[in-house]
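Here is a report on one protein model, arranged by topic. Keep the sequence and the structure in view while reading.

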Amino acid sequence: MISNLQQIWEHIRKDNLRLFIFISVVAVLLVVLVAVATNVIDARKTAQIDVLVAPRSASVKINGRSYSNGSHRVEPGNFTVVITKDGFEPYQESFSLTAGETKDLAVYLMQSDGGYDWYLAHPEDDLIMTSIGDKVAAARAAEMLTRYPILNILPYRDSDKTFDFTINPKFVDDELAALIIQLNTCSGYSKNVYKNKALLWLSNQGHNPKDYKIEITDICS
């Protein structure tokens, strides 16, 4: 009789343990689901600022509040960023964010004396500065490609090698992109033919020559 009671108790104990484990797992899953749902809702209601600044010891103030490198959730609105450090040129920027938007704040300060020795003495900050420079350059390149799609097909050399189409290396952001057509000839007659051929190629690519500042050169220039 005692043995039977012990077996029954053991079964009850095991069943209770299984029930406890099941309830615990369900509770954890519910907590995770609520957390995920809350984060999704917060992401839709808030904006985000991703801060990456060199030197890391620089003071980063956004609307007067201090921030460090990393991702930060903020209420949508207008923002003014002020980044300072003794011995470096200060940086200031203003921008607006709506709900769901992300601002990539990647900035490195330049030394006031125009030198580079501070970064050389601080390899980790130097690495961050290089990373920021690469990121800024990539963003700038993407912006330029979006604004001037022709850059996706330049430089171009005609299959007959009669002309080369390139972007002007001195091109500065402007309303019109500056291009160079080099005519691979010295003959006056050929120059006119090659020029028309180059402009026709540009039109055939879906670009209006009037949308660009075009400089014509030749191999004898």
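Is lysine 161 buried or exposed? Lysine 161 is exposed, with a relative accessible area of 55%. The model is a predicted one.

## Two residues with positive phi

Lysine 161 is found in the loop that links strand 8 to strand 9 (163–167). Its phi is near 60°. That is a positive value in a residue other than glycine.

Asparagine 63 also has a positive phi, of about 55°, and is not a glycine. Asparagine 63 sits in the loop between strand 2 and strand 3. Its relative accessibility is 47%, so asparagine 63 counts as partly exposed; the exposed class begins over 50%.

## The antiparallel sheet

One open sheet has four strands. Their order is 3-2-5-6, and the pairing is antiparallel. The edges are held by strand 3 (65–66) and strand 6. Each has a single partner strand, so one side of each is left without a neighbour in the sheet.

Strand 5 covers residues 77–84 and pairs with strand 6. Seven bridges link the two in the antiparallel sense. Which residue of strand 6 stands opposite threonine 80? The partner is serine 94.

## The mixed sheet

A further open sheet has four strands in the order 8-9-10-11. Here the pairing is mixed. Strand 8 and strand 11 are the edge strands. Each has a single partner strand, so one side of each lacks a neighbour in the sheet.

Both senses of pairing can be traced here. Strand 9 and strand 10 run antiparallel and are joined by five bridges. Within that pairing, aspartate 164 has glutamine 182 in strand 10 as its bridge partner. Strand 10 and strand 11 run parallel, with seven bridges between them. Leucine 183 is matched by aspartate 218 in strand 11.

Strand 10, helix 4 and strand 11 together make a β-α-β unit. The unit is right-handed.

## The disulfide

How many disulfides are there? The count comes to one. The bond is formed by cysteine 186 and cysteine 220, with their sulfur atoms 1.3 Å apart. The cut-off for a disulfide is a pair of sulfur atoms within 2.5 Å. Cysteine 186 lies in the loop between strand 10 (177–183) and helix 4 (188–204), and cysteine 220 lies in the segment after strand 11 (212–218), so the pair ties together parts that are 34 residues apart in sequence.

Which hand does the disulfide have? The torsion about the S-S bond is about 90°, so the disulfide is right-handed. Cysteine 186 is partly exposed, at 41% relative accessibility. Cysteine 220 is partly exposed too, with a relative accessible area of 45%.

## Cis peptide bonds before proline

The peptide bond from alanine 54 to proline 55 is cis, with omega near 0°. Proline 55 has its place in the loop between strand 1 (47–54) and strand 2 (59–62).

Leucine 154 and proline 155 are also joined by a cis peptide bond. Omega there is about 0°. Proline 155 lies in the loop between helix 3 and strand 8 (156–157).

## The largest pocket

How much space lies in the largest pocket? The volume is about 200 Å³. Three elements give two or more residues each to the lining: strand 6 (91–97), strand 7 (102–108) and helix 3 (123–147). Strand 7 supplies the largest share, six residues.

The lining includes Tyr91 and Glu93. It also includes Lys103, Asp104, Leu105, Ala106, Val107 and Tyr108. Lys135, Val136, Ala139 and Arg140 belong to the lining as well. By class, seven lining residues are nonpolar and five are charged. None is polar.

Key: Residues are numbered from 1 along each chain as its sequence is written. This is a predicted model: local features need pLDDT of at least 70, side-chain atom pairs count only at pLDDT 80 or more; totals for chains, interfaces and linings use all residues. Side-chain values use heavy atoms; hydrogens and water are left out. On a 1 Å grid over the protein atoms alone, a cavity is a set of points where a 1.4 Å probe fits but cannot get out, and a pocket is an open set with protein on both sides within 12 Å along at least five of seven lines; lining residues have an atom within 4 Å of a point. Grid points are joined across faces, edges and corners, and a volume is the space filled by probe spheres set on the points. Ala, Val, Leu, Ile, Met, Phe, Trp, Tyr, Cys and Pro count as nonpolar, Asp, Glu, Lys and Arg as charged, and the others, Gly among them, as polar. Two strands pair if DSSP finds at least two bridges between them. Buried means under 20% relative accessible area, exposed over 50%, partly exposed in between (1.4 Å probe, protein chains only). A crossover is right-handed if, with the strands pointing away from the viewer, the path from the first strand over the helix to the second runs clockwise.
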